[in-house]
Amino acid sequence: LVYWANQAGLSDPNGARREEFYNRFSSPDDILGDIDGINVAMMPSLGADAPLSVRLERYYGQQSNESANKRYTRFCQISGFTVVNGRLDASAKAYIKDQIDRFARAFNTKEGALGDALLTAPIGGGTFGGGMGVPMPGSHELTSAHRMAENIDWFVDRFVSDIEAGLANE
């Protein structure tokens, strides 16, 4: 979301490149790594002091409710998400949106030199002096934070669809 808002900029007004950015920064392998990491860390049958080697062996080597063959189900359980007929409920989606929003705001401030910079999109009046000049009355100004707020639902829905697809395959 942050990279798209800052790098795709105003050259992607309809969000056509969102899928490209999502796939680049949230590849299936990246998502699986995050899900598996959470699942391995939070195995209830093992104490907090269990060695990583034991956790990995249990997770990848056994066919149990804690194993990788039920990774999406386990991830949803650990996260406290309610799943109804293979779909996340509204409270799970709201939580995911809140977490993406919080992370994006913090990451945009930390990483984005454009975090609060103005991306000008002349609508109506344009700018004095043309190009990146001072906006004239009637112009529309966007910051990357504004673009993130306007597009977060797309990124949330895309992530939720990945989780639900994983649940359906289990």
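**Exercise 1. In which helix does Leu56 lie, and which nonpolar patch includes this residue?**

Step 1. In this predicted model, Leu56 belongs to helix H4, which covers residues 52-61.

Step 2. Check the accessibility. Leu56 has a relative accessible area of 35%. Partly exposed residues fall between the limits of 20% and 50%, so Leu56 is partly exposed.

Step 3. Find the partners. Leu56 forms a nonpolar patch on the surface with Leu52 and Tyr60. Together, the three residues have about 310 Å² of accessible area.

**Exercise 2. Find the salt-bridge partner of Glu19 and state which parts of the chain the pair ties together.**

Step 1. The structure holds 9 salt bridges. In one of them, Glu19 pairs with Arg158, and their closest N and O atoms are 2.8 Å apart. A salt bridge requires such atoms to be within 4 Å, so the pair qualifies.

Step 2. Place both residues. Glu19 is in helix H2 (residues 18-25), while Arg158 is in helix H7 (residues 144-169), so the salt bridge ties together parts that are 139 residues apart in sequence.

Step 3. Classify each residue. Glu19 has 31% relative accessibility and counts as partly exposed. Arg158 has a relative accessible area of 18%; because buried means under 20%, Arg158 is buried.

**Exercise 3. How many residues apart are Glu20 and Arg24 in helix H2, and which network links them to Arg17?**

Step 1. The side chains of Glu20 and Arg24 form a salt bridge with an N to O distance of 3.0 Å.

Step 2. Both residues lie in helix H2. Because they are 4 residues apart there, about one helical turn separates Glu20 from Arg24.

Step 3. Compare with the exposure limits. Glu20 has a relative accessible area of 37% and is partly exposed. Arg24 also counts as partly exposed, at 45% relative accessibility.

Step 4. Add Arg17. A network of salt bridges links Arg17, Glu20 and Arg24.

**Exercise 4. Which side chain meets Lys97 in a salt bridge, and are the two residues buried or partly exposed?**

Step 1. The side chain of Lys97 meets that of Asp153 in a salt bridge, at 2.8 Å from N to O.

Step 2. Lys97 is in helix H6 (residues 90-111) and Asp153 is in helix H7; the pair links distant parts of the chain, 56 residues apart.

Step 3. Lys97 has a relative accessible area of 32%, which makes this residue partly exposed. Asp153 is at 40% relative accessibility and counts as partly exposed too.

Definitions and conventions: Residues numbered from 1 in each chain as written. Predicted model: local features only at pLDDT ≥ 70, side-chain atom pairs only at ≥ 80, totals over all residues. Heavy atoms only, no water. Helix = DSSP H or I, 4+ residues; strand = E, 2+ residues; numbered from the N terminus. Buried < 20%, exposed > 50% of the residue type's maximum accessible area, 1.4 Å probe, protein only. Patch = residues over 30% accessible without salt bridge, like charges linked within 9 Å, V, L, I, M, F, W, Y side chains within 5 Å. Areas by Shrake-Rupley, 256 points an atom, 1.4 Å probe, with all protein chains shown as cover.
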